[in-house]
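Notebook open, coffee poured. I wanted to walk through this structure one spot at a time and jot down what I looked up.

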Amino acid sequence: MMRRGVLLFGLLSALTAGQRLATRGFAGSGHETATDVAVDRSGAVYMAGSTTSFDLPVVNAAQSANPGTPVVYSPDGGVTWRPAPGFNPGLIPFYVSVSTAADPSDANVFYVGFGAKVYKTADRGVHFTTSTPPLPSANATITSIAVDPTAPSTVYASATNNGGVFKSVDGGSTWTNASTGLPPAGAIDSVVIDPFHPKTLWAWAGSGAWVSTDGAGAWAPSSLSLGAFNLTGVRVLFDGGRAGVLYAPAYTGNAWGFQRSMDGGRTWSVLSLPLAGATVATDPVRAGALYASGPPSDGSFYRSDDFGATWQSFPFPAPVSNTRIAVDPTDPNVILAGRYRSTNRGETWFLMPYSRELQPEFTRFGAVLATSAPSSDAFLVKFVGGTPVFATYFGGSGNETVAAVKTDPAGNVWIAGTTWSNDLPVTPGAMRRTLSGSSDGFVAEFSPGGALLYCTYVGGSADDGVSGLAIDPYGELWITGSTWSLDYPGATNTAPNGAGSYVYAAKLTASATKIAFATYIGGPLYDSPGGVATDRDAAAIVTGTIYWPAFPVTSGAYRAPSPPGPTPSPRVFLVKYSATGSVIFSTYLGGSRATAGAGFNQRGAAVATDRSGDIWVTGNTAMTDFPVTGDAIQKTLSGGCGYPAFEVYTGFIGVFYETLHDDVFLARLTGDGRTLAYSTLFGGPCYDRPSALAVGDDGRIWIAGETDSGQIPMAWPVEAAPERGEYKSFLASLDPAAGLIPFSTYLTAGANPAIDLAEDGAVYVAGATGYLAQTGVLTSALSSQLANADALLATVQPGPTPSLNLTGVSNRFSSLPGAVAPGEIVELSVPDLKAVAADLGILAGAPLSDSLSGVQALFDGQAATLIETSAGRVAAMVPSSLKPGSTTQVQVVSASGGSNELAVPVAASSPGILSADGSGAGDALAWNADGTVNGPSNPAAEGSTVAVLITGADPASASTYGVTALAPAPGFVPGVYIGWIRALSADATGGRQLVSVNPGFGHGTGQYLAIYVH
């Protein structure tokens, strides 16, 4: 024992002595996530998922573009819409505005402002050029654009966050700062031009309006001020028929009122607006005409024809709060708001053929520019021999998510999921051609060459979605998902408790032109779908999570000892249907005693069948009494997680922490549902949740999912464990018959990886890699909007089992996994290594060697300096030649052979502190300023310096938190440093001060040791 990277199509390979891993990315400049994968009989691989990109590398595409662009164009006043495909600025966070303005003299020209750039098109959005105003801050973003109606080459732009107003006199090619006189903070939310006096401009600066009468040569504050109030994203409005009449702000609340000026902005009076929080617009032609929409709770549209003195209300079909209202200058009876169009000044409304809320703006020619949050489209890619044969978008102008991709007996490919588009590319003969509610399920069929053969909506009159798809031996489709529809087509029963969200199962004919059978499952609100599978007899098995206490169990079926309950206490449900829709059995599984402090986490995630007709189901459970069989690989729930799974930031309330102790379960029921033939747990002490299940012809079971446990069972892995508290995917093969785990590894493949098995034994994993592809600990509202991941297809090819099983790499001082740093002393875990013990210790004076007891540790083939070898472990120093930001392949070799190669990331710093007992926890091994060992009976004096030993630190880095100085430790082996830590006030620490080191801001090691202070 020791004494004290945008990837488009690229191929990466990690060749190990056992399993071989190859990964391939598929991505554009946005966010891609692969949600399912399927392998056909010829070995072709299909990957499907969702994308926000507009520049995917499509090949032989059935649909070559994502129609959900953030800028769209209507040539006919909102009757029809088309995307502006040339505007592709990459990922657009929801809180960053996209602004537009049209050239009043040329219908082909308009401008778009986003981020720090102004985009200009001369062909109605097909192509764009960009320019960058001289923004004074890297944090500044464009908030509005205005074009001079009498001199169209003169363009103005505003910017906030230390921005200002900027002017171009050459059509946006070059810009100058035109902010003289504006507030020094430069937070300008809009700039607008007086249509009757084009040299007069108005700018909104948060708490009031500023005016320029010389084309932004100089600015002065107007008499309109909100005092202490500060509004963002608003503008001054001009009456369309009478000069000198102004209104502000365009979005108002009850604290300051909606104000009007009849004398060009010299004096202002507060108007009586029909409700607080309204969005207001003026009629571009009629004098005194105003329009307003209220907040979501109101449901009305308002009109005034007397300059805002009185208002009429009309019913509106949907809330449009914060949505710009636009009036057609060529026909002022036409009004657009949200997704709706009126031809009679707002008295009645019709849904436009577009699937997202719009921020519209009419041009002088009656065309419309509109911005909207970009949508996600589905994608489908076919690989043959690693080469994409076709890659296509699929979807409408709203959002699509893909739940599954499957191949049918004829060789065609089906995808299924959920759509929020009312313009999905439905085909002739579709079962349903229109969207009902805000979402519906969909199924779509493609030929092996990528042609779209069939597409239909699926669902009832309310909101529906598809979360699982299976195809039986006769080519007929089974789907499952959630529905709010009480009239789900083909349902043979009624929703048990009235309104709510229900799990459903439905069988579609082979052509998917008809629902042959459908049924509601369980009760409302809490129940959730998992997966669906079919067997050799064309029966279907559906799984998911059930809270409904009255869930029916058929006679003779195996069941959990106690039913689900609304406390909540969920169970995993299984229902098997015959090919004609009759129930073969219905039951629920699971335990009822939750892990202390971890909640009642239990769900059914996926189901599969084997050649014998038995049923396999997987999910996660936090129940200590989950039933396992005597031949289980893991019989008890792992527990004792020392860190939260999630940190929820709530603002002034503080931070809420959720600690989870879930394990994966794997259970096998006989085909008649009467016997629990096998059940085991699998996992580590923290959050372990599966998302996919596959059964091999050899009887091995493959499970993929996500975990933040650093200690799940590893068997010849290809990737190392994540850092403490971080997430990684996992892929594991279980052999229940032999009671073994033939293969298990961490994998970077996203939060919900999917798997399928090829006839040659290869395992395909679909998921995502990149920023926030894995679950993030921080669950702020911004996280999903900032995500930027690439779809990932990983292939694991079977190979001979290596002689040694290298299961992990950890910091030798902290015992924590994660990235390694050049010069760090690490411990390699090799459970089956039978080396003769040799421990040089960190005070070794003799020259160190790269071999001890016939054992070597290789980093990218380079032999590392060794300090210790013993049964099951090796202590080595990471070679200083490794480059931070890369990945190193680690392997252990001995006389008996080599281990698998383990991919480990390399960081500049990955520090750990040596503890008093060498465990990595408890008290630090520390020395007081007088050289004596720190401890409860020998505390340090307040304000004095305490010395600790650190490895994995970067001596050139100043970001090692809490360490006042860092230097090599004389007399110790290389890679050991002395860190000096200031002893804080004993009153503040209670005499026991926790110390830690971090490689950088917000990126802790998770190690906290104690020193003592008096």
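**Entry 1: a strand pair and its sheet**

I began with Gly417, which stands opposite Phe442 in β37. I was working with a predicted model here, as in all the entries below. The strands around this spot are β36, residues 413–419, and β37, residues 440–446, and they pair in the antiparallel sense over 7 bridges.

Then I stepped back to see the sheet. In what order do the 4 strands of the open sheet run? I read the order as β35-β36-β37-β38, with antiparallel pairing. The edge strands are β35 (400–407) and β38 (452–458), each of which pairs on one side only. From one strand to the next, the twist averages 20 degrees. A reminder to myself for looking at any such sheet: in a regular strand the side chains alternate between the two faces.

I also looked up Cys455 and asked whether it is buried or exposed. Cys455 counts as buried because its relative accessibility is 0%, and the cut-off for buried is under 20%.

**Entry 2: a salt bridge at Asp440**

Next I checked the charged partners of Asp440. Asp440 forms a salt bridge with Arg432, and their closest N and O atoms are 1.9 Å apart. I found both Asp440 and Arg432 buried.

**Entry 3: other salt bridges**

How many salt bridges does the structure hold? The count is 17, and I looked at some of them.

Asp283 forms a salt bridge with Arg286, with 3.0 Å between the closest N and O atoms. Are the two partners buried or exposed? Asp283 is counted as buried because its relative accessibility is 0%, whereas Arg286, at 27%, counts as partly exposed.

Glu361 forms a salt bridge with Arg324, the closest N and O atoms being 3.1 Å apart. This pair links distant parts of the chain, 37 residues apart: Glu361 sits in strand β31 (residues 359–362), and Arg324 in the loop between β26 (312–315) and β27 (325–327). Glu361 is partly exposed, with a relative accessible area of 21%, and Arg324 is partly exposed too, at 28%.

I also noted a network of salt bridges that links Arg303, Asp305, Arg345 and Glu347.

**Entry 4: an arginine without a salt bridge**

Arg571 caught my eye next; I found it in strand β45, residues 571–577. Which side chain of opposite charge is nearest to Arg571? It is Asp625, 7.0 Å away, and Arg571 has no salt bridge although it is buried. That distance rules out a salt bridge here because the cut-off is 4 Å.

So what does the side chain of Arg571 reach? One polar contact, of 3.0 Å, joins it to the side chain of Ser562. The side chain also reaches the backbone oxygen of Gly591, at 3.2 Å.

**Entry 5: the disulfide**

I searched the whole structure for disulfides and found 1. Cys641 and Cys686 form it, with their sulfur atoms 2.0 Å apart. The link is right-handed, with 95 degrees about the S-S bond. Where do the two cysteines lie? Cys641 is in the loop between β48 (615–621) and β49 (646–649), and Cys686 is in the loop between β52 (676–682) and β53, so the pair links distant parts of the chain, 45 residues apart. Cys641 is buried, and Cys686 is buried as well.

**Entry 6: the hairpin of β53 and β54**

From the disulfide I moved on to β53, residues 688–695. This strand is mostly covered, with 7 of its 8 residues buried. β53 pairs with β54 (residues 701–707) in the antiparallel sense over 7 bridges, and Ala692 stands opposite Ala704 in β54. The two strands form a hairpin with 5 residues between them, and Gly699 in the turn has a positive phi of about 90 degrees.

**Entry 7: two asparagines with positive phi**

Last, I looked up two residues that are not glycines. Asn60 has a positive phi of about 45 degrees and lies in the loop between β4 (45–51) and β5 (71–74). Asn60 is exposed, with a relative accessible area of 57%.

Asn162 has a positive phi of about 60 degrees; I found it in the loop between β12 (155–160) and β13 (164–168). Asn162 is partly exposed, with a relative accessible area of 34%.

Conventions: Residues numbered from 1 in each chain as written. Predicted model: local features only at pLDDT ≥ 70, side-chain atom pairs only at ≥ 80, totals over all residues. Heavy atoms only, no water. Pairing = 2+ DSSP bridges. Axes fitted to C-alpha atoms, helices over the stretch in contact; angles between N-to-C directions. Buried < 20%, exposed > 50% of the residue type's maximum accessible area, 1.4 Å probe, protein only. Disulfide = S-S within 2.5 Å. Lys, Arg positive; Asp, Glu negative; His and termini not counted. Polar contact = N/O pair within 3.5 Å; in protein donor to acceptor, adjacent residues only side chain to side chain.
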